[in-house]
Amino acid sequence: MDMLCFHPERVHGVFRSTASVYRAFSCKAGEFLEMSAQECIKCAAGTYSLGSGLRFDEWEKIPLGFSSLATSPNYSPNRQHASTCKSAKWVAQGSYLESNRDECTVSLIYTVHLKKPGSVSFDYQYVDNSIIFEFFIQNDQCQEMDVDSNKKWIKLTTHGEWGTHSVNLNSGTNILYWRTTGVTLGSKAVKPILLKNIQIEGVAYTSECFPCKPGTFSRTPGSSSCAPCPRDTYSGRGASSCTPCNTKTHYALEGSAMCKSKPPCSKKDYIQTYSTCDKDGKTRVVYKWLEPRICLEAAAGAVKLPPSGQLKPCPPCNPGFYNNHTATCSPCPPGTYSDGVKACQSCPAGTEPVLGFEYKWWNVLPANMKSSCFNVANNNCDGLNGWEVAGDHLQSGSGRSDNDNLILTLRVPGFKLPMSVQGTSGSEYGRITFEFETSCSADCEFYFMTDVKKRSTNVVESWDGRKTKQSYTYIMTENSSVAFTWAFQRTSRASDVRRYANDMVKIYSVSVTNAVCALKSKKAGSSCVSCPAGHYIDKKTNHCQKCPPNTVLSGDNIYGKETCQPCGPGSKSNKEHSVCFSDCLFKYTHHNQILQYDFSALTPAGSILNGPSFTAKGTKYYHLFNISLCGAEGHKAAVCRDNITDLPNEDVKGGQLGSSVEAFLCQSTIIPSDGRGLRTALSSQSISLADTFQGATVEKSLNGINARPELFPSPPKRIPDVHFFYRY
């Protein structure tokens with residue numbers, strides 16, 4: 001993009017070395033250069049230094065030396081949009097910077113002069129690919145430094161987690177750019193990018209130490225950093241220690257600059273949960289105060305904590321688990337199965353266990369699930385459980401504040417197809433289905449994300465506001481390790497007062513098919529004999545029988561002939577009976593004539609570019625559709641790839657794996673290089689529009705519209721159309 005060139009002498013806050021001290025002074029961390037004595041002196045208590053570095057970790061306002069540059073889309077059907085970007089900028093939010101949320105291109109710029117080669121690092125949150133986020137460096141001649149693409153384009157982060165990005169810097173002048181470009185095609189609110197803890201190494205020296213910011217302290221001289229004040233203590237700027245609060249009437253969260261009065265306790269200050277099953281298999285409803293407890297139970301008008309409920313039997317184990325009259329559920333041994341109530345039994349002859357997880361009872365959090373809590377302001381909610389078990393459901397926890405991100409992660413080491421479909425050409429390795437509901441009085445958001453092979457976490461689907469009980473299914477088309485993550489945030493607005501503590505999401509069940517179990521069984525079991533691919537088990541004889549022609553097995557159940565499901569019209573099954581497909585050849589009898597349709601030329605993937613179109617603020621974009629009408633015996637040949645928003649690490653073979661979608665029909669949003677002054681066209685927001693082929697039919701129609709006799713009493717001769725049907 002053509003940008004204004006910022007010369008170091010024109011930018012405030014440039015760290016310049018004068019001729020008298022341009023010698024090779026390099027103080028250690030925790031020291032500063034005393035100018036008159038020309039020697040390094042330890043920083044006093046209550047201050048810190050990086051020695052040869054700079055750190056920006058306080059964002060009550062934009063620090064001196066930083067500037068913002070906003071530009072409008074180059075193409076706009078309405079020129080009035082050009083003026084809307086004048087106010088677009090990065091905004092200081094106390095403990096972090098927040099990017100703009102619109103379609104303006106905004107650059108945060110800082111210039112630094114390094115005496116020696118150094119580096120820059122920063123923490124960030126980037127969860128919404130509706131914004132393109134890049135970081136690059138220019139020299140004082142406005143020439144962009146050579147930076148690897150993995151360093152220029154910033155990777156997406158998991159919702160609620162902070163990522164760290166670092167780039168090496170050359171000696172001399174470095175102009176740093178953090179640039180965002182929004183591409184909003186729908187009405188959904190855009191999640192801004194958050195930025196904090198910018199650290200630059202390699203400056204010649206520091207001539208002074210920096211005071212600790214309020215809420216932190218450094219106790220000893222020569223400190224290179226300041227520590228946050230513990231809970232129920234506070235400090236002002238430049239503190240060497242923290243002052244305790246009067247905990248009878250006041251409180252302070254970790255890292256506080258002041259103590260706050262405790263209000264009377266209300267119903268919003270406690271939650272209902274369930275106790276862990278005891279050795280007798282009993283549990284009870286319990287109520288507990290939100291932690292940290294910041295209310296007064298003895299104050300006038302305060303509510304009391306309700307008493308615990310009566311003991312009652314714990315729910316049974318989940319399917320595939322058993323217990324030996326204890327409170328602990330263990331996985332069934334290999335080759336056996338259980339519904340969670342009965343003891344584990346050996347599989348009947350000719351059958352095999354259905355692998356996977358089915359969680360519908362929540363006595364304890366399963367061993368392959370992890371609960372955590374994150375907050376953008378780092379208020380240390382990570383010591384709390386983000387989610388809590390509640391008998392017949394799992395619910396979001398309380399956290400410390402209403403804008404905490406409550407995280408739940410399920411890790412699956414891989415997938416193993418049943419023997420009956422191993423080696424087949426199907427594209428489904430497993431699927432995850434979960435049932436949930438949200439109860440919200442504010443702007444809550446609930447996210448479902450995946451991370452395959454630890455490449456990068458991608459948001460698959462999200463819901464906002466109150467949602468009734470419903471289920472969602474996601475299909476895995478790659479046999480790899482995967483982390484499924486759920487994230488819940490009551491509100492995105494930070495506040496010291498809890499207003500929405502009772503807003504929550506409940507997950508009632510989670511099932512994952514064909515999942516390899518990483519949990520260890522205490523017993524050894526016998527293996528089960530399985531049928532060959534494409535065979536079912538006859539219920540009368542318990543023998544394996546081949547499925548009828550043009551039928552497919554469901555994959556996780558082969559007991560009975562009815563498990564061989566017929567293919568849709570105009571399609572047939574492959575030899576393994578694992579997938580239905582079309583060879584793009586059709587015959588149809590019409591007026592005693594046999595019509596033959598040959599669409600085989602459309603089997604390979606083709607592309608259609610639709611546009612140009614313009615967003616509400618004038619960003620020029622196209623929609624690129626990749627189409628493989630019939631695929632290759634069920635394999636989806638159309639691939640849509642994001643080229644910047646999910647740059648992964650190298651795979652084990654040394655190649656690059658991009659974020660891509662495989663389908664019969666997929667769509668990418670293309671921003672041309674001339675549309676925003678970019679050096680290359682950008683492909684983003686790739687989605688599948690046709691995931692499963694269901695069949696094709698031939699219908700009588702006129703110009704693609706079914707003819708109506710009352711409108712066409714003497715219709716002209718017409719050739720019937722072929723209609724292809726897909727499921728998303």
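## Exercises: a hairpin and a salt-bridge network

In this predicted model, the hairpin of β46 and β47 has two residues between its strands, and H591 takes a positive phi near 55° there.

**Exercise 1.** Work out in which sense β46 and β47 pair, and over how many bridges.

*Solution.*
- Step 1: Find the two strands: β46 covers residues 585–590, and β47 covers residues 593–598.
- Step 2: Follow their pairing, which is antiparallel and runs over six bridges.
- Step 3: Check one position across the hairpin: T589 stands opposite I594 of β47.

**Exercise 2.** Find the salt-bridge partners of E134 and say which parts of the chain they tie together.

*Solution.*
- Step 1: Begin with K152, whose salt bridge with E134 has its closest N and O atoms 3.1 Å apart. E134 lies in strand β10 (residues 131–138) and K152 in helix α1 (residues 149–152), so this pair joins parts 18 residues apart in sequence.
- Step 2: Turn to R179, whose side chain meets that of E134 at 2.8 Å, N to O. Because R179 belongs to strand β12 (residues 172–182) and E134 to β10, this bridge ties together parts 45 residues apart in sequence.

**Exercise 3.** Extend the picture to E144, and decide for each of the linked residues whether it is buried or partly exposed.

*Solution.*
- Step 1: E144 forms a salt bridge with K152 (3.1 Å, N to O).
- Step 2: Put the pieces together: E134, E144, K152 and R179 are linked in a network.
- Step 3: Use the cut-off: buried means under 20% relative accessible area. E134 at 1% is buried, R179 at 2% is buried, and K152 at 13% is buried. E144, at 26%, counts as partly exposed.

Note on methods:
Residues numbered from 1 in each chain as written. Predicted model: local features only at pLDDT ≥ 70, side-chain atom pairs only at ≥ 80, totals over all residues. Heavy atoms only, no water. Pairing = 2+ DSSP bridges. Helix = DSSP H or I, 4+ residues; strand = E, 2+ residues; numbered from the N terminus. Salt bridge = Lys/Arg side-chain N within 4 Å of Asp/Glu carboxyl O. Buried < 20%, exposed > 50% of the residue type's maximum accessible area, 1.4 Å probe, protein only.
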